[in-house]
Amino acid sequence: MCGDAHPKALLRAIQEDGDYLLKLANQHIVSSDQFTQNGMLQLFRLAAKYEANPRRFSTSLQGKILISAFYEPSTRTRLSFESAWHRLGGDIMSITDRSTTGIAKGECLADVAEMFNNYGDCVVLRDNNESSLEEMIDSLRIPIINAGNGCDEHPTQALADLYALFKWKPELTTADAKQHAVSVGIIGVPNRMRTVRSLIKSLLKFPDAIKELVIIHDDSVSEHLFAEQQREQIEQAGIHVRTSTDLNATLPDIDVVYINAISWEGETFNTYGKSFSLDAQSPLKEDAIILHPLARGPELATDLDHTPHNWYFSQARGAVFLRMALLTCMVQRAERVIDVV
Amino acid sequence: MCGDAHPKALLRAIQEDGDYLLKLANQHIVSSDQFTQNGMLQLFRLAAKYEANPRRFSTSLQGKILISAFYEPSTRTRLSFESAWHRLGGDIMSITDRSTTGIAKGECLADVAEMFNNYGDCVVLRDNNESSLEEMIDSLRIPIINAGNGCDEHPTQALADLYALFKWKPELTTADAKQHAVSVGIIGVPNRMRTVRSLIKSLLKFPDAIKELVIIHDDSVSEHLFAEQQREQIEQAGIHVRTSTDLNATLPDIDVVYINAISWEGETFNTYGKSFSLDAQSPLKEDAIILHPLARGPELATDLDHTPHNWYFSQARGAVFLRMALLTCMVQRAERVIDVV
Amino acid sequence: MCGDAHPKALLRAIQEDGDYLLKLANQHIVSSDQFTQNGMLQLFRLAAKYEANPRRFSTSLQGKILISAFYEPSTRTRLSFESAWHRLGGDIMSITDRSTTGIAKGECLADVAEMFNNYGDCVVLRDNNESSLEEMIDSLRIPIINAGNGCDEHPTQALADLYALFKWKPELTTADAKQHAVSVGIIGVPNRMRTVRSLIKSLLKFPDAIKELVIIHDDSVSEHLFAEQQREQIEQAGIHVRTSTDLNATLPDIDVVYINAISWEGETFNTYGKSFSLDAQSPLKEDAIILHPLARGPELATDLDHTPHNWYFSQARGAVFLRMALLTCMVQRAERVIDVV
């Protein structure tokens with residue numbers, strides 16, 4: 001499969017420093033803001049270690065219980081987390097439907113959090129309400145992961161995006177990153193799409209790896225393209241940012257094309273960039289890669305699946321290993337998987 | 001956390017007698033009527049043993065499968081049972097929605113029971129239909145637990161209630177109980193609330209521990225406050241019972257306040273005692289404790305959460321260990337966790 | 001229980017030949033067409049080995065993850081597969097409701113398949129759409145089982161049917177089968193019922209065991225009783241086939257009565273043969289057995305449950321062991337359970 005590069009190159013490029021992983025013990029993961037460059041690199045290294053040898057650590061989470069609470073419908077993200085947890089030997093309790101829960105009867109989220117403390121060792125929460133996480137955190141004594149909160153953030157998706165990027169070009173993680181820096185084009189609306197918001201926050205921690213960031217959008221959203229201070233933050237990080245409304249004119253300059261047409265808005269979703277789509281005829285650079293958080297709509301043609309541009313399948317596959325890495329650290333089992341303790 | 005007293009005191013107060021636990025092997029748990037004082041004490045002792053050392057028995061249910069059948073929506077009770085089962089190393093199959101089942105197609109419960117025989121080792125059933133359990137039991141060759149059947153009973157909730165009570169005051173389990181006897185106030189309707197019905201049945205087995213039982217209710221239900229014979233049974237057990245419609249006048253005499261405002265009625269629920277609520281300004285005895293089966297509504301103010309009156313969080317936490325104890329015995333694994341065999 | 005004959009007789013009747021089981025490694029199970037006589041016999045033998053000693057192989061699927069995807073509502077079949085998987089020590093991720101999935105958002109099945117590749121080791125799929133399996137298979141790198149696709153097929157049900165038949169009369173699996181051949185009566189519509197379609201395809205592989213196949217149907221469907229070529233295929237296999245619209249006139253000649261009144265049609269179902277029903281007064285041969293895939297409706301009276309005709313409960317129980325056998329082989333763990341390797 002295209003994009004299924006061996007993770008060993010990335011494993012070799014990053015030197016292990018387990019302290020960054022141990023620091024994640026019992027930490028809530030709410031926003032991509034929280035991560036440092038080194039913290040992310042160590043997670044990518046651990047993910048690569050898992051991916052290079054999937055069966056080696058099959059009992060790291062034995063005896064641990066995950067509460068998988070998906071109050072907003074999702075199969076892909078839920079199964080990705082649940083697969084990660086099961087592959088490490090842990091047990092899972094799932095909530096797949098808000099209507100079957102006490103929340104439907106009016107229970108407050110602080111009480112739900114108190115309940116979760118008694119029942120599990122870690123919570124994965126998806127909710128269309130941006131503030132749900134914050135309402136629970138004060139009462140939680142076990143760590144929680146934000147698996148998408150409304151149109152706010154989806155930090156583990158961004159980690160999976162960067163993990164794919166760095167597997168493709170491990171040299172971007174090194175001191176020489178600047179010599180290999182890439183142009184990243186994002187088709188979407190940074191102001192409204194949680195995947196894009198989290199991705200941008202994560203990219204800010206790797207300014208040397210990014211030659212230029214191009215936001216490709218249609219005219220209708222140009223006013224609200226960026227959230228307040230979002231553009232300024234990118235520039236302050238030292239990353240050159242520009243916008244474009246002409247996809248095909250832009251593509252020949254782009255090394256990494258990130259496309260995602262779904263934007264969650266409260267209880268529903270909209271699609272942006274209907275005017276934009278990629279197919280095998282798009283004027284992509286010969287060695288450009290495409291990333292997409294999936295599920296895809298018509299914006300990404302299947303005739304790209306069998307081209308070397310397809311790194312979105314590798315990205316989806318890597319997301320499981322990335323989540324294995326993060327979950328291991330959060331529930332204080334990092335010491336079981338670090339090589340040198 | 002308030003109420004998070006160490007269970008070791010209770011563990012020390014009760015002498016182990018494994019025979020009572022072995023007798024629960026393959027027993028159906030339908031009603032709080034079924035338990036004897038000694039049977040309950042041994043369950044509380046085992047629960048305390050689990051709670052005192054949560055990681056010690058993580059494989060007691062290995063190879064056993066729980067069928068978690070919640071035909072009436074619930075997250076709290078479902079996850080409490082599922083967490084109990086997983087913490088002991090067992091596997092689970094969940095039914096969280098009646099509409100996805102054969103019952104929706106008109107399958108009779110005796111056939112569902114026959115199916116369950118083939119698929120698992122124990123059933124937890126919640127159903128809004130009072131008679132569902134009885135319809136299944138004749139065909140079942142594996143044990144079933146009643147996790148709430150309409151407005152009838154919820155026996156494991158009552159066990160969890162008493163477990164919290166006795167952790168708070170272990171001396172109530174001893175031969176000296178009478179010297180330490182407490183006044184118990186129940187805000188609710190014994191005739192209509194399954195939690196209250198089961199609690200009263202359980203309290204009847206500990207008459208020495210109860211100085212007085214006060215039912216606090218509003219005027220509108222006074223006619224139907226008790227089910228037929230319910231009041232007579234309390235008195236026959238030797239427990240003094242009185243009723244009151246004035247919460248605040250009653251509270252200064254009460255050691256244990258039990259409050260629960262939800263009453264299940266067929267497919268829906270009502271709230272009783274809207275006129276009653278507890279908060280940090282309520283005239284509670286200084287050392288009174290509050291129990292509540294949760295989820296809570298406005299009847300229990302959150303400003304009590306950080307007071308020493310809050311034993312409801314400990315009660316919820318303990319419910320997992322209590323259920324671990326009961327499930328272990330039902331599926332014939334008690335001999336693995338009894339100290340002296 | 002009637003029909004709960006010891007599987008050891010079947011185990012003795014079939015000689016082990018592990019090669020047939022090893023060949024199932026990583027195979028998709030779509031249709032009953034796929035199986036050979038020897039392949040089925042070896043599966044029945046392994047199922048009998050599991051059933052004769054249910055606790056012996058409790059870790060054969062350790063570390064393996066099942067994706068249990070039931071887009072069409074079902075509890076019985078879902079729990080049967082999930083129980084089979086858990087009894088062998090594997091982990092499970094369940095999808096019980098199409099509305100919570102990406103498919104509801106328009107995701108194509110090829111992408112769902114790609115997702116499943118990353119998350120699990122085997123897929124069980126039930127869908128009311130006949131073509132769903134075919135749409136996924138090209139993209140799947142892990143094996144998939146058809147657990148009912150519209151009104152097309154349900155091959156593991158047919159395997160369970162034959163497993164029950166051969167447990168009842170192990171001599172039908174031997175070289176002497178012809179001397180013991182039985183008359184099989186099927187109440188239903190071969191053209192429209194997936195269970196019947198798959199059963200007939202499976203019976204075709206055992207022509208020596210079948211003296212006669214009688215299709216019992218009501219007049220209203222006689223035109224569309226058989227699918228194109230279906231009747232011809234039966235006859236070409238050397239099995240005599242006839243039809244009847246008079247159940248009671250036919251019963252005295254029948255050794256094995258197969259009844260199933262539900263027929264899936266798109267998103268809904270119809271019942272056929274309302275005019276036909278079996279009860280303890282039906283003119284059954286003294287030693288005739290009844291098979292029914294369950295759940296049952298009024299066509300099968302419960303007064304038969306405690307008669308020796310009842311092999312449908314044994315059939316349901318055996319289905320779990322049959323599925324254990326098949327799943328073990330598909331995920332390449334057969335070598336762990338074959339006696340001689």
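Start by selecting helix H4 (76–87) and helix H5 (109–119) in chain A, helix H4 (76–87) and helix H11 (312–330) in chain B, and helix H4 (76–87) in chain C: each of these gives at least two residues to the lining of the largest pocket. What you have open is a predicted model, and this pocket is the opening stop of the tour.

**Stop 1: the largest pocket**

The largest pocket holds about 1,100 Å³ of space. To find its centre, pick A:Gln62, A:Gly63, A:Gly89, A:Asp91 and B:Gly89, which are the closest to that point among the 45 residues of the lining. Now colour H11 of chain B, which contributes the most to the lining of this pocket, with three residues. What is the division of the lining into nonpolar, polar and charged residues? There are six nonpolar, 23 polar and 16 charged residues in the lining of the largest pocket.

**Stop 2: the axis**

Next, show the chains as ribbons and compare the copies. Any two copies of a chain are related by a rotation about an axis and a shift along it. Take chain C: a turn of 120° with a shift of 0.0 Å along the axis lays chain C on chain A, with an RMSD of 0.0 Å. This is the relation of a three-fold axis. To see where the axis runs past chain C, select C:Asp91, whose C-alpha is the nearest in that chain, 4.8 Å from the axis.

Chain B can be treated in a similar way. Rotating by 120°, with 0.0 Å of shift along the axis, superposes chain B on chain A at an RMSD of 0.0 Å. Here the residue to pick is B:Asp91, which has the C-alpha of chain B nearest the axis, at 4.8 Å.

**Stop 3: the largest cavity**

Now look for enclosed space. Rolling a probe the size of a water molecule over the atoms shows where empty space is left. The structure contains 19 cavities of 30 Å³ or more, and the largest cavity has a volume of about 570 Å³. Which residues are closest to the centre of the largest cavity? Select A:Ser94, B:Arg78, B:Ser94, C:Arg78 and C:Ser94, the closest of the 33 residues that line it. Then add H4 and strand S2 (91–95) in chain A, in chain B and in chain C, since these elements give two or more residues to the lining of the largest cavity. The lining of the largest cavity is made up of nine nonpolar, twelve polar and twelve charged residues.

**Stop 4: where chain B meets chain A**

Hide chain C for a moment. In this interface, 22 residues of chain B contact 23 residues of chain A. The area buried between chain B and chain A is about 2,100 Å², with carbon and sulfur atoms giving 52% of it. On the chain B side, select B:Arg76, B:Leu79 and B:His86, which lose the most area to chain A and together account for 26% of what that side buries.

How many salt bridges cross the interface of chain B and chain A? There are two. To visit a salt bridge, zoom in on B:Arg296 and A:Asp111, whose closest N and O atoms are 2.6 Å apart.

**Stop 5: where chain C meets chain A**

Bring chain C back and hide chain B. Here 23 residues of chain C are in contact with 22 residues of chain A. About 2,100 Å² is buried between chain C and chain A, 52% of it on carbon and sulfur atoms. Three salt bridges cross the interface of chain C and chain A.

Select C:Asp111 and A:Arg296, which form a salt bridge with 2.6 Å between the closest N and O atoms. Then move to A:Arg76 and C:Glu107, whose side chains meet in a salt bridge at 2.1 Å, N to O. This pair links helix H4 of chain A to the loop between strand S2 (91–95) and helix H5 (109–119) of chain C. Over all chains, the count comes to 64 salt bridges.

**Stop 6: a turn in the backbone**

For the last stop, follow the loop between strand S11 (289–291) and helix H11 (312–330) of chain A, where A:Ala295 is found. Most residues other than glycine have a negative phi, and most peptide bonds are trans. Is the peptide bond from A:Leu294 to A:Ala295 cis or trans? The bond is cis, with omega near 0°. A:Leu294 lies in this loop too, and its phi is near 55°, a positive value in a residue other than glycine.

Finally, jump to chain B and select B:Leu294 and B:Ala295, which are joined by a cis peptide bond with omega near 0°. B:Ala295 sits in the loop between strand S11 (289–291) and H11 of chain B.

Note on methods
Residues numbered from 1 in each chain as written. Chains lettered and ligands numbered in written order. Predicted model: local features only at pLDDT ≥ 70, side-chain atom pairs only at ≥ 80, totals over all residues. Heavy atoms only, no water. 1 Å grid on protein atoms, 1.4 Å probe; cavity = no way out; pocket = protein on both sides within 12 Å on 5 of 7 lines; lining within 4 Å. Points joined across faces, edges and corners; volume = space filled by probe spheres on them. Helix = DSSP H or I, 4+ residues; strand = E, 2+ residues; numbered from the N terminus. Nonpolar A, V, L, I, M, F, W, Y, C, P; charged D, E, K, R; others polar. Least-squares fit on C-alpha atoms with pLDDT ≥ 70 in both. Contact = heavy atoms within 4.5 Å. Buried area = accessible area lost by both parts, 1.4 Å probe. Salt bridge = Lys/Arg side-chain N within 4 Å of Asp/Glu carboxyl O.
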